[in-house]
Amino acid sequence: MGELGDLYAQTSGGGPWAWNQARSAFLRRLAADVRRPGFELVIAESTELTGCAYGFPVRGDGPWWEGLDGHLPGSLLRAAASGRLLVISVILVPPQVRRENQDRPWNLARRLQKRLLTDHGAALGVMLVSRSDSRAAEALRSWGWRYVEADAPRTSPFPRGPFRVLVLGA
């Protein structure tokens with residue numbers, strides 16, 4: 001766990017003063033997620049830890065969906081109900097992987113996310129990204145993720161959610 005926390009701190013940006021705070025927050029989220037049924041962690045390493053990704057399957061109901069009513073398309077809910085939707089919570093890779101060769105199949109981030117989906121037999125991966133985190137959304141889109149919108153029209157009484165919803169096909 002400590003090495004994963006260090007990797008998160010090193011790849012999340014900011015100065016060393018922010019690393020402890022970011023590391024602690026990441027480790028708390030990881031400790032909660034690791035208890036979820038079907039949790040899987042994929043690690044990449046050479047002589048040291050170089051990247052990781054993790055996720056867990058979600059069904060059509062349960063606490064993961066709370067607060068997302070009206071913000072997700074029905075196709076995601078149907079994939080979840082059939083057991084073929086995997087939430088990918090984290091993809092951690094060095095900054096140069098986010099900038100270089102993003103569209104190549106051998107890109108480390110692409111390989112990690114693909115491995116998670118195929119290991120679970122998931123039809124779709126889903127990730128929620130804060131609307132204010134355009135850097136993360138841009139990196140995910142460069143790795144093949146696409147935005148999805150709720151089925152409700154823009155004039156819907158539902159407010160826009162705090163997250164962008166991105167999906168990745170297997």
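Six strands form an open sheet with mixed pairing, in the order E1-E2-E3-E4-E6-E5. The model is predicted. Its chain holds six helices as well as six strands. Of its 170 residues, 42% count as buried.

**The sheet**

- The six strands line up as E1-E2-E3-E4-E6-E5, and the sheet stays open.
- Strand E1 (40-45) and strand E5 are the edge strands, and each pairs on one side only.
- Neighbouring strands are turned by 35 degrees against each other on average, with direction ignored.
- E4 and E6 run antiparallel and are joined by seven bridges.
- Within that part of the sheet, Met127 has Leu166 in E6 as its bridge partner.
- Ser130 stands opposite Phe163, which also belongs to E6.
- E3 and E4 pair in the parallel sense, over three bridges.
- Leu86 has Gly125 in E4 as its bridge partner.
- E4 is largely enclosed by the rest of the structure, because five of its seven residues are buried.

**The chain as a whole**

- Along the sequence, the elements follow the pattern α-α-β-β-α-β-α-α-β-α-β-β.
- Contacts with a separation of 6 or more can be split by distance along the chain, and residues 24 or more positions apart account for 64% of them.
- The chain exposes about 9,700 Å².
- Carbon and sulfur atoms supply 51% of that exposed area.

**Helix H3 and its cover**

- Helix H3 spans residues 74-81.
- Its buried residues are Gly74, Leu76, Ala79 and Ala80.
- Strands help to cover these buried residues, including E3 (85-92) and E4 (124-130).
- Strand E5 (146-148) and strand E6 (163-169) are also part of that cover.
- Gly83 follows H3, and its phi is positive, near 80 degrees.

**Salt bridges**

- The count of salt bridges comes to three.
- Asp6 forms a salt bridge with Arg23, and their closest N and O atoms are 2.7 Å apart.
- This pair links distant parts of the chain: Asp6 is in helix H1 (residues 2-11), while Arg23 is in helix H2 (residues 16-33), 17 residues apart.
- Asp6 counts as partly exposed, because its relative accessibility is 36%.
- Arg23 is partly exposed too, with a relative accessible area of 24%.
- Arg36 and Asp33 meet through their side chains in another salt bridge, at 3.0 Å from N to O.
- Here Asp33 is buried, with a relative accessible area of 10%.
- Its partner Arg36 is partly exposed, with a relative accessible area of 30%.
- Asp119 and Arg115 also meet in a salt bridge, at 3.0 Å from N to O.
- Both of these residues lie in helix H5 (residues 108-120).
- Asp119 and Arg115 are four residues apart, about one turn of the helix.
- Asp119 counts as partly exposed at 39% relative accessibility.
- Arg115 counts as partly exposed at 46% relative accessibility.

**Ser142 in helix H6**

- Ser142 lies in helix H6, which covers residues 134-142.
- Buried means under 20% relative accessible area.
- Ser142 therefore counts as buried, with 16% relative accessibility.
- Ser142 is in contact with Gln102, Asp103 and Arg110, leaving aside its neighbours within four places in sequence.

**Gln96 in helix H4**

- Gln96 has its place in helix H4 (residues 95-99).
- Gln96 is partly exposed, with a relative accessible area of 39%.
- Gln96 and Thr11 are 85 residues apart along the chain, and their C-alpha atoms are separated by 9.9 Å.

How values were computed
Residues are numbered from 1 along each chain as its sequence is written. This is a predicted model: local features need pLDDT of at least 70, side-chain atom pairs count only at pLDDT 80 or more; totals for chains, interfaces and linings use all residues. Side-chain values use heavy atoms; hydrogens and water are left out. Helices (H or I, at least four residues) and strands (E, at least two) are DSSP runs, numbered from the N terminus. Buried means under 20% relative accessible area, exposed over 50%, partly exposed in between (1.4 Å probe, protein chains only). Contact means heavy atoms within 4.5 Å. Accessible areas come from the Shrake-Rupley method with a 1.4 Å probe; for residues, only the protein chains shown count as cover. A salt bridge is a side-chain nitrogen of Lys or Arg within 4 Å of a carboxyl oxygen of Asp or Glu. Two strands pair if DSSP finds at least two bridges between them. Axes are lines fitted to C-alpha atoms, for helices over the stretch in contact, and angles run from 0 to 180 degrees between N-to-C directions.
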